[in-house]
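Please open the model in a viewer and keep the selection panel at hand. The stops below say what to select next and what is to be found there.

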There are 2 protein chains.
Amino acid sequence: MNIAATRPMPQVTTGPLPASRKIHIEGEQHGDIRVPMREVALHPTSGEPPVVLYDASGPYTDPSATIDIKAGLPRLRERWIAVRGDVETYAGRHVLPADNGFASGERLVPEFPVRNTPWRASNGKAVTQLAYARAGIITPEMEFVAIRENLGRKAAKEALIRDGESFGAAIPDHVTPEFVRQEIAAGRAIIPANINHPESEPMIIGRNFLVKINANIGNSAVTSSMEEEVEKMVWAIRWGADTVMDLSTGRNIHNIREWIVRNSPVPIGTVPLYQALEKVGGIAEDLTWELYRDTLIEQAEQGVDYFTIHAGVRLHYIPLTVNRVTGIVSRGGSIMAKWCLHHHRESFLYEHFEEICDICRAYDVSFSLGDGLRPGSIADANDAAQFAELATLGELTQIAWARDCQVMIEGPGHVPMHKIKENMDKQLKTCGEAPFYTLGPLTTDIAPGYDHITSGIGAAMIGWFGTAMLCYVTPKEHLGLPDRNDVKVGVITYKIAAHAADLAKGHPAAQVRDDALSRARFEFRWEDQFNLSLDPDTARSMHDETLPKEAHKVAHFCSMCGPKFCSMRISHDLRAEAQKEGLEAMAAKYRQGGDLYMPVSDTTEAQPGE
Amino acid sequence: MNIAATRPMPQVTTGPLPASRKIHIEGEQHGDIRVPMREVALHPTSGEPPVVLYDASGPYTDPSATIDIKAGLPRLRERWIAVRGDVETYAGRHVLPADNGFASGERLVPEFPVRNTPWRASNGKAVTQLAYARAGIITPEMEFVAIRENLGRKAAKEALIRDGESFGAAIPDHVTPEFVRQEIAAGRAIIPANINHPESEPMIIGRNFLVKINANIGNSAVTSSMEEEVEKMVWAIRWGADTVMDLSTGRNIHNIREWIVRNSPVPIGTVPLYQALEKVGGIAEDLTWELYRDTLIEQAEQGVDYFTIHAGVRLHYIPLTVNRVTGIVSRGGSIMAKWCLHHHRESFLYEHFEEICDICRAYDVSFSLGDGLRPGSIADANDAAQFAELATLGELTQIAWARDCQVMIEGPGHVPMHKIKENMDKQLKTCGEAPFYTLGPLTTDIAPGYDHITSGIGAAMIGWFGTAMLCYVTPKEHLGLPDRNDVKVGVITYKIAAHAADLAKGHPAAQVRDDALSRARFEFRWEDQFNLSLDPDTARSMHDETLPKEAHKVAHFCSMCGPKFCSMRISHDLRAEAQKEGLEAMAAKYRQGGDLYMPVSDTTEAQPGE
């Protein structure tokens with residue numbers, strides 16, 4: 001049966017960003033590596049080479065790629081995984097009606113047309129990037145991310161701007177595959193790369209690399225569809241999302257996820273507890289370890305790259321939340337708290353954590369240890385419940401590491417500015433420098449509708465302090481499900497926060513883009529300014545609102561000040577004028593005298609005010 | 001002639017914000033003081049009193065006030081000024097065709113219908129709030145702002161949350177009129193209050209008070225009209241702008257400003273140089289001290305409350321900008337640089353600074369010493385040009401203080417996060433703790449179209465560090481003239497930044513609003529959550545996009561998670577359940593044992609996973 005005949009296929013946004021083309025840099029150690037980057041061409045008058053940018057958008061922005069949503073993306077890592085000789089294919093778990101919330105007929109999202117036999121580790125082997133790193137192996141994934149992080153720059157060849165305060169991070173001038181291996185081996189970075197998601201382009205999350213961002217998508221019981229979610233994923237990575245979490249909670253969770261994973265070039269994260277809860281009809285107390293375990297395997301076989309697991313919500317921490325202003329605001333946290341309290345027993349996630357590790361180890365699913373007790377308001381920030389859970393996350397990190405599993409740690413939430421750094425410091429210390437992955441934090445509670453901004457402030461700061469990945473917050477936070485436009489605004493806001501953090505940390509490649517854009521601005525190369533910006537479409541359309549003509553794209557002013565008042569234009573006039581007599585000579589004379597170039601009394605020009 | 005008959009009068013937005021009413025708190029020392037505040041009523045089920053908020057919106061949000069744009073606002077400070085006995089009325093300067101750029105006929109914006117005879121200090125007296133403060137006088141303006149800053153709370157009666165890091169600021173638990181006087185006398189705070197703007201409701205700018213924000217409006221040679229600008233002013237203060245700068249640069253500057261000042265309850269700032277340049281046809285080198293001086297008097301008579309004066313752009317600093325990526329980006333700075341270079345002589349603003357002080361002192365126009373050499377790109381941040389100018393601003397501050405003039409200092413600009421604090425520290429030290437008034441700073445250059453966010457990050461941080469007033473940046477920055485919607489987005493973003501700063505500084509009144517909103521959120525009082533937010537309209541409409549029915553306004557979930565997954569709902573279930581057997585008792589037991597409430601082996605419930 002042809003699926004496409006019964007249902008329209010998802011339409012996704014394709015095509016390059018303005019003035020951009022996809023380039024690929026090849027590997028040296030591993031010949032079949034082709035690392036994608038985006039090259040932005042500048043106007044010939046600039047006399048500058050193209051600017052190379054990190055590119056998370058996958059084949060969708062490559063005009064030479066054939067996009068076929070029902071076929072999925074090319075399985076570029078398939079051979080890398082196969083040749084390691086430590087995996088086996090097997091029949092895999094049977095998809096059950098409960099996996100899709102018993103949706104049927106027209107309400108059932110169709111299965112993805114291609115079914116791949118899943119892989120798993122053979123003979124209890126560890127197939128994680130951490131295991132390889134510890135064994136001294138530089139995998140293709142490691143070389144891939146090394147090339148990716150360098151943004152096309154060669155080692156020590158360019159004059160690097162190393163101006164920043166990194167709070168103890170150790171970002172190298174140039175990232176080598178061996179550096180990547182060491183960081184992963186030390187647990188300071190992860191490459192989320194499930195062996196059943198060979199379509200993914202490897203990326204790294206760690207304090208000594210570029211700050212990454214995650215975008216959440218997912219339908220809810222109330223709204224949204226598969227078609228929308230696939231497009232949201234493509235849309236989110238178009239604007240720069242480095243990973244995507246599918247937080248779907250309604251019916252059809254399994255099938256929607258399959259469509260997303262098969263078409264995603266970025267790692268996909270989930271909260272398996274959401275699906276598990278659907279399977280028991282939303283009754284938290286009916287959750288069981290077996291059902292949860294089965295859900296982990298279901299998702300691991302599909303290729304989910306990281307699992308949020310709220311194993312730090314322990315029974316005896318729950319009373320610590322009783323006097324909070326906003327109680328428990330993590331969905332996973334509240335579900336587990338309810339389970340624990342109902343059964344009067346310890347969380348099954350905590351008790352079975354070692355078994356969870358064994359599953360993750362067999363597929364290389366990374367842990368994102370969830371902060372189920374994160375504060376949901378300024379009043380609850382940095383409280384006993386939050387930090388008690390963090391201590392447990394530190395303990396679980398050691399257990400996961402002992403089993404060769406990759407780990408990152410989730411962080412808050414709502415935190416006023418003066419309490420942000422304490423979060424970072426405590427996380428680094430408690431969790432052995434495992435990467436921190438934070439939601440915001442929101443720096444005030446009073447702006448629903450603008451929480452991308454309240455949280456963008458906190459995200460930039462905590463990114464500077466050392467957070468490796470920032471989970472975006474959209475304008476709809478607290479209010480509703482983000483639509484396509486909210487996703488874009490959330491992603492752009494978080495790209496700003498991540499880049500501001502890279503700049504402040506002194507990342508050697510960060511300021512290149514700012515400088516290129518600022519030179520374009522100063523030289524009135526409007527098109528270059530648009531093309532180098534995070535959102536060329538919006539920049540251009542805002543400019544064109546008042547000055548739409550083509551001629552205005554080369555105008556030496558904008559509608560903000562008009563021609564007579566444009567400071568940059570005046571600066572140019574001034575520079576030109578000064579050059580007539582040599583500004584440097586003038587400068588020397590000024591500096592010498594430390595005072596005026598020409599005393600007032602010497603001037604022959606009449607000054608009416610004198 | 002009835003102006004209204006020949007031209008439609010400006011329509012401005014009036015009416016209260018949702019669930020809000022205007023209240024007035026009366027003075028104790030000065031009987032005719034009535035300080036406006038906004039009281040937000042909460043749902044009866046909350047059992048909470050109304051929340052009192054700072055209210056910059058003036059009579060426009062008061063249904064009992066009669067708004068008549070062609071009559072202007074009531075002159076509430078008129079009597080206060082008159083009874084001091086140190087001012088005189090006089091004919092005032094004649095309005096010249098050049099004041100309006102020689103606009104005539106239909107292109108001429110009509111004169112404001114009412115002409116008030118201007119006031120000035122009699123017999124060379126100092127009529128500034130600084131002079132009164134130094135003389136030990138508590139003016140009605142000082143008592144007004146003291147009441148205003150307390151937001152209705154009584155001294156030491158309430159349990160105050162004093163949780164913050166203020167970097168040496170000294171915010172009192174309760175603001176007294178005497179404290180205000182001391183802060184002004186010390187130069188640490190200003191009340192911009194031109195005696196010819198008696199319509200203004202006094203407000204204070206200083207590190208030991210609530211962080212304020214400014215919104216820029218103004219037409220340009222390319223676009224916009226008087227009607228739009230008056231409405232922009234009303235619109236900006238509706239959402240919380242504490243002062244408004246009129247940066248108009250086209251024709252009709254004089255007349256547009258008169259309409260704005262007469263209808264503005266907030267202080268109005270200008271850059272007099274812009275109008276002066278219009279008067280010489282945009283030729284910077286044709287500027288003269290006399291023409292500039294005349295413009296200052298013109299604007300002082302109209303009631304402009306603070307002047308941005310770029311007197312720190314000295315001739316011998318200009319060469320320091322020559323190797324910058326973006327040269328000089330301040331309009332005022334570039335105009336003065338051009339003048340200096342052309343004439344090969346020192347800035348007339350610098351040379352005549354004492355005379356400028358004498359004008360300001362006669363009307364109580366506050367100084368906003370402009371940062372004409374502020375960095376316009378990340379590359380130029382904190383450079384020699386910027387800090388050379390800052391040193392001069394410190395020198396000018398002393399001169400202004402010696403003449404009883406109120407002073408604040410303008411700051412950058414584009415600054416990466418790690419260089420922000422240095423700006424604040426240097427400013428405090430160099431300028432004797434005069435209030436800092438910063439534009440952003442923008443923390444990256446790469447996001448035109450989103451510079452309210454790139455700068456909101458920097459604004460929140462520098463506000464925390466001690467900046468007294470934040471000048472907003474709209475999404476149109478670098479691209480075009482902000483429209484009504486951009487103004488709102490800019491104001492809300494900066495209210496977020498200012499409030500986040502107040503929270504982090506530990507302002508005793510700040511967290512009240514966060515807590516009230518978070519309690520509303522936790523208790524699913526949706527209407528209260530909307531009404532307490534910075535932008536109730538946007539919060540409500542985002543919620544209603546997916547859940548529009550009235551019933552959903554009391555629903556215990558939103559479309560984000562749906563009913564089954566709402567963590568707050570689960571938290572409530574959990575709390576209710578726990579209370580059956582006394583959560584406190586459970587908590588005690590947990591803490592005692594430090595471990596499980598009930599060992600796994602004791603439970604009689606079958607656990608399938610065991």
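Begin with chain A of this predicted model and select strands 8 to 15: these 8 strands close into a barrel in the order 8-9-10-11-12-13-14-15, with parallel pairing. On average, neighbouring strands of this sheet are turned by 25 degrees against each other, direction ignored. As general background, the strands of a sheet pair through backbone hydrogen bonds, in either a parallel or an antiparallel manner.

**Strands 11, 12 and 13 of chain A**

Within the barrel, select strand 11 (residues 306-309) of chain A, which pairs with strand 12 of chain A in the parallel sense over 4 bridges. Thr308(A) stands opposite Ser368(A) of strand 12. Next, add strand 13 (residues 407-411) of chain A; between strand 12 (residues 366-369) and strand 13 the pairing is parallel and extends over 3 bridges. Two bridge partners may be displayed here: Phe367(A) has Val407(A) as its partner in strand 13, and Leu369(A) has Ile409(A). Between these two strands, the chain crosses from strand 12 through helix 13 of chain A to strand 13, and this β-α-β crossover is right-handed.

Now select helix 13 (residues 384-402) of chain A, which lies across strand 12 and strand 13 and runs at about 165 degrees to strand 13.

Return to strand 12 of chain A and show its side chains. Which residues point one way from the strand, and which the other way? Ser366(A) and Ser368(A) point to one side, Phe367(A) and Leu369(A) to the other, and all are buried.

**The nonpolar core**

Select Phe367 and Met417 in both chains. The largest nonpolar core has 314 residues, of which Phe367(A), Met417(A), Phe367(B) and Met417(B) touch the most other members. Centre the view on Phe367(B) and list its contacts beyond four places in sequence: among them are Phe307(B), Ile309(B), Phe353(B) and Ile356(B). Further contacts of Phe367(B) include Cys357(B), Cys360(B), Cys405(B), Val407(B) and Met408(B).

**The annotated histidines of chain A**

Select His414(A) and His478(A), which UniProt lists under "binding site" in an unreviewed entry. They are spread over 65 residues of sequence but cluster in space, the largest C-alpha distance being 12.2 Å. His414(A) is placed in the loop between strand 13 and helix 14 (420-430) of chain A. Is His414(A) buried or exposed? His414(A) counts as buried because its relative accessible area is 6%, under the 20% cut-off. Leaving out residues up to four places away in sequence, His414(A) touches residues including Pro375(A), Ser377(A), Asp445(A), His478(A) and, from chain B, Arg521(B).

**Two buried residues in helices of chain B**

Move to chain B and select Glu231(B), in helix 6 (residues 226-238). Glu231(B) counts as buried because its relative accessibility is 8%. Its contacts, not counting residues up to four places away in sequence, are Gln11(B), Val12(B), Thr13(B) and Arg484(B).

Then select Ile335(B), in helix 10 (residues 331-343) of chain B. Ile335(B) is buried, its relative accessible area being 0%. Add Glu285(B) to the selection: its C-alpha atom is separated from that of Ile335(B) by 8.4 Å, although the two are 50 residues apart along the chain.

**The annotated domain of chain A**

Finally, select residues 16-88 of chain A, which the UniProt annotation "domain: ThiC-associated" (unreviewed entry) covers. The end C-alpha atoms of this span lie 38 Å apart, and the span is 8% helix and 27% strand.

Technical notes. Residues numbered from 1 in each chain as written. Chains lettered and ligands numbered in written order. Predicted model: local features only at pLDDT ≥ 70, side-chain atom pairs only at ≥ 80, totals over all residues. Heavy atoms only, no water. UniProt positions renumbered as here; feature names shortened; annotations may be inferred. Buried < 20%, exposed > 50% of the residue type's maximum accessible area, 1.4 Å probe, protein only. Core = buried A, V, L, I, M, F, W, Y, C linked by side-chain atoms within 4.5 Å. Contact = heavy atoms within 4.5 Å. Pairing = 2+ DSSP bridges. Axes fitted to C-alpha atoms, helices over the stretch in contact; angles between N-to-C directions. Right-handed = clockwise from strand over helix to strand, strands pointing away.
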